[in-house]
Amino acid sequence: MYDLPPDLDRLRTLETWLTLTLDRIRQQIKDVEQRQQPAPQTPPPAPTPRPRTPDWGIVQAGIGTPTTEIHRGDCWAAGKALQPISTERARAELASGATPCDACRPDRPLGMPPPGP
């Protein structure tokens, strides 16, 4: 098949050369296999949680709002000026004369008497 040298020194040299060549080939195979593997997929970042809707809110009297109004936290009529407040403060504000919103009627679930005429 192949003409190999007859002496041991040259045969050992060939063996060493073939072993080193085989090691390089095997390393190249590993490198190519790693490049062909798909990159690991990182999951998209979790969406930032929306702030919790407050139970109650207050809109202070000012331009466009003639009186202080109390709203439920999810009231559509409150606008962007709604400031979250506690249940106790909502009751106290209503008791001291703040107007309950006509749309969400926070006085009812708070157990407050309806506003007078």
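The following is a conversation between a colleague and a modeller about a predicted model.

Colleague: In what order do the four strands stand in the open sheet?

Modeller: Strands of a sheet pair through backbone hydrogen bonds, either parallel or antiparallel. In this predicted model the pairing is mixed, and the edge strands, each pairing on one side only, are β3 (83-85) and β4 (99-100). Read across the open sheet, the order is β3-β1-β2-β4.

Colleague: Over how many bridges do β1 and β2 pair, and in which sense?

Modeller: Strand β1 covers residues 56-59 and strand β2 covers residues 69-72. Along this pair G57 stands opposite H71, I58 stands opposite I70, and V59 stands opposite E69. The two strands pair over four bridges, and the sense is antiparallel.

Colleague: Which residue of β3 is the bridge partner of G57?

Modeller: Strand β1 also pairs with β3, in the antiparallel sense and over three bridges. G57, which stands opposite H71 in β2, has a bridge partner in β3 as well. That partner in β3 is P84.

Colleague: Which residue of β4 stands opposite I70?

Modeller: Strands β2 and β4 pair over two bridges, and they do so in the parallel sense. I70 stands opposite I58 where β2 meets β1, and it also has a residue opposite it in β4. In β4, the residue opposite I70 is P100.

Colleague: Is V59 buried or exposed?

Modeller: V59 lies in strand β1, and in a regular strand the side chains alternate between the two faces of the sheet. Both faces of β1 are covered, with W56 and I58 on one side and G57 and V59 on the other. The relative accessibility of V59 is 6%, and the cut-off for this class is under 20%, so V59 counts as buried.

Colleague: At about what angle does helix α2 run to β1?

Modeller: Helix α2 is made of residues 87-95, and it lies across β1, β2, β3 and β4. Taken against β1, the helix runs at about 45°.

Colleague: How much accessible area does the nonpolar patch on the surface have together?

Modeller: The patch is formed by Y2, L4, L8, L11, L14, W17 and L18. L8 lies in helix α1, and L11 is found in that helix too, which spans residues 8-36. L8 is exposed, with a relative accessible area of 53%, whereas L11 is partly exposed at 32%. Together the residues of the patch have an accessible area of about 780 Å².

Colleague: What distance separates the C-alpha atoms of L8 and Q60?

Modeller: As a first case to set beside it, V59 and W76 are 17 residues apart in sequence and 13 Å apart in space, C-alpha to C-alpha. L8 and Q60 are 52 residues apart along the chain. The separation of their C-alpha atoms is 101 Å.

Colleague: How exposed is R10, which meets D7 in a salt bridge?

Modeller: Side chains of opposite charge can pair when their charged atoms come close. For D7 and R10 the distance from N to O is 2.6 Å. D7 is partly exposed at 28% relative accessibility, and R10 is likewise partly exposed, with a relative accessible area of 47%.

Colleague: How far apart are the closest N and O atoms in the salt bridge of R72 with D74?

Modeller: The count in this model comes to five salt bridges, and the one between R72 and D74 has partners from two exposure classes. R72 is partly exposed at 32% relative accessibility, while D74 is exposed, with a relative accessible area of 55%. The closest N and O atoms of R72 and D74 are apart by 3.4 Å.

Colleague: Near what value is phi of R105?

Modeller: Most residues other than glycine have a negative phi, and most peptide bonds are trans. R105, found in the segment after β4, forms a salt bridge with D107, the closest N and O atoms being 2.8 Å apart, and D107 is buried at 2% relative accessibility. Phi of R105 is positive although the residue is not glycine, and its value is near 45°.

How values were computed:
Residues numbered from 1 in each chain as written. Predicted model: local features only at pLDDT ≥ 70, side-chain atom pairs only at ≥ 80, totals over all residues. Heavy atoms only, no water. Pairing = 2+ DSSP bridges. Contact = heavy atoms within 4.5 Å. Axes fitted to C-alpha atoms, helices over the stretch in contact; angles between N-to-C directions. Patch = residues over 30% accessible without salt bridge, like charges linked within 9 Å, V, L, I, M, F, W, Y side chains within 5 Å. Areas by Shrake-Rupley, 256 points an atom, 1.4 Å probe, with all protein chains shown as cover. Salt bridge = Lys/Arg side-chain N within 4 Å of Asp/Glu carboxyl O. Buried < 20%, exposed > 50% of the residue type's maximum accessible area, 1.4 Å probe, protein only.
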